[in-house]
Structures are given as C-alpha cells and as structure tokens.
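Let's take a friendly look at aromatic rings and surface patches. Here is the structure to keep beside you as you read.

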Amino acid sequence: MKLSVKETAVFGMLGALMYASKVLMEALPNVHLLGVFVVALTVVYRKKALYPIYTYVFLNGLMAGFSLWWLPYLYLWAILWAWVMLLPKQLPAKTRPLVYMCVCAAHGFLFGTLYAPAQALLFGLDLQGMIAWILAGLPWDFVHGVSNFFCGLLISPLIALLQNANRYTSIH
C-alpha cells in the first residue's frame, strides 16, 4: 500500500477534514459525520482508506490528549472499515445508499458495546460492570445510531464526489 506524494497529501487532507467535521459538530453529542467519511472513503479507496481514518484517529489524540479514552479508537473505526470492506463491491444501485446508511447506523448503535471491552480491560470491570456500562450508554448509542442513519444520506453523494475528483487526480 505504498502511497504517492499526491495520495499522501489527499489522505492527510481527508483525515484533517474528518477531524474538523467532528470539532464543528461537537455541540451535538454523538452526532457527527465520521461514519459517513469512513464508509465513503472505504468504498472509494478500499485498503488505502485506513490512511485518512488513522490520520483522523491520530489528530483526535493529538488535539484532545492521548489518554485512555483514545485507545479504543485504534480499533473502533477499523471495525466500520472492515464491515464496509465485506460488502460486495457491486451492490445494486437502488439498494446501495440504504445499505451504506444501515451499516453506518449499526456502527453508531453498537459503538458503546464495541467500546465496552476496552473499558472493562482498562478499568477492571467484570462482566456485570461491563454490561452496566453498556446499558448506561444505550440512550447515547440510540442517538448515535439514528444520527448516523440520517447523516448516512450524505454517503452516496460523497462517494460520487470522491470518484469524480479521482478522475482528475489519478488516485485509485
């Protein structure tokens, strides 16, 4: 997965755009475009999408502090990336937007559950404590999942924009 200079610049900017979008939307708890970016970047760039995704993860840690809360980010976004990688490349055009929206929403609904094993390991929670942590976060996961679904309306237009830009920049 060697990158050209152009790819390095584009992926750096996309990672920074992901971070900027998160900061701009922080007033709305658990409402952001990160899932939109991860899904769209994965559809367009496949394995290379990990570069902007982890640029975002690094920037998030750099700006907010590399603390214990940040460690699960090392795998949480890779899970969404992997789910998208498992989707067939040639989904029917009519169902494609809904599938992307549902995958994005599922990641939001499951975010707390996916985060929970790290919480348990880092803070010594037993199974009962981990389940209590998951249950306490369900209202936030509900907001996260619903907002990811509706923000997911932007996935297909973003994919089209990235594919169109690639025609002029020779990034594949």
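## A buried ring pair

Trp77 has a relative accessible area of 2%, so this residue counts as buried in the predicted model. Tyr56 is buried too, at 0% relative accessibility.

In total, 13 aromatic pairs are counted. One of them joins Tyr56 and Trp77 edge-to-face, with 6.3 Å from centre to centre and 85° between the planes. Tyr56 sits in helix H3 (residues 50–64) and Trp77 in helix H4, so their pairing ties together parts that are 21 residues apart in sequence.

Both residues also belong to a wider cluster: ring pairs link Tyr56, Trp69, Tyr73, Trp77, Phe111, Tyr115 and Trp133.

## A tilted pair between H5 and H6

How are the rings of Phe109 and Phe142 arranged? Their centres are 6.2 Å apart and their planes meet at 45°, so this pair is tilted. Because Phe109 lies in helix H5 (residues 96–123) and Phe142 in helix H6 (residues 127–151), the pair ties together parts that are 33 residues apart in sequence.

Are these two residues buried or exposed? Phe109 is partly exposed, at 37% relative accessibility, and Phe142 is exposed, at 52%.

## A nonpolar patch on the surface

Now to the surface, where Leu68, Leu71, Leu74, Leu122, Phe123, Leu125 and Trp133 make a nonpolar patch of about 550 Å². Trp133 is also a member of the ring cluster described above.

Leu74, another patch residue, lies in helix H4 (residues 73–86). With a relative accessible area of 38%, Leu74 is partly exposed.

Definitions and conventions:
Residues are numbered from 1 along each chain as its sequence is written. This is a predicted model: local features need pLDDT of at least 70, side-chain atom pairs count only at pLDDT 80 or more; totals for chains, interfaces and linings use all residues. Side-chain values use heavy atoms; hydrogens and water are left out. Patches are made of residues with over 30% relative accessible area and no salt bridge: like charges are joined within 9 Å, nonpolar side chains (Val, Leu, Ile, Met, Phe, Trp, Tyr) within 5 Å. Accessible areas come from the Shrake-Rupley method with a 1.4 Å probe; for residues, only the protein chains shown count as cover. A salt bridge is a side-chain nitrogen of Lys or Arg within 4 Å of a carboxyl oxygen of Asp or Glu. Helices (H or I, at least four residues) and strands (E, at least two) are DSSP runs, numbered from the N terminus. Buried means under 20% relative accessible area, exposed over 50%, partly exposed in between (1.4 Å probe, protein chains only). Rings of Phe, Tyr and Trp (its six-membered ring) pair if their centres lie within 6.5 Å; planes under 30 degrees apart count as stacked, over 60 as edge-to-face and the rest as tilted.
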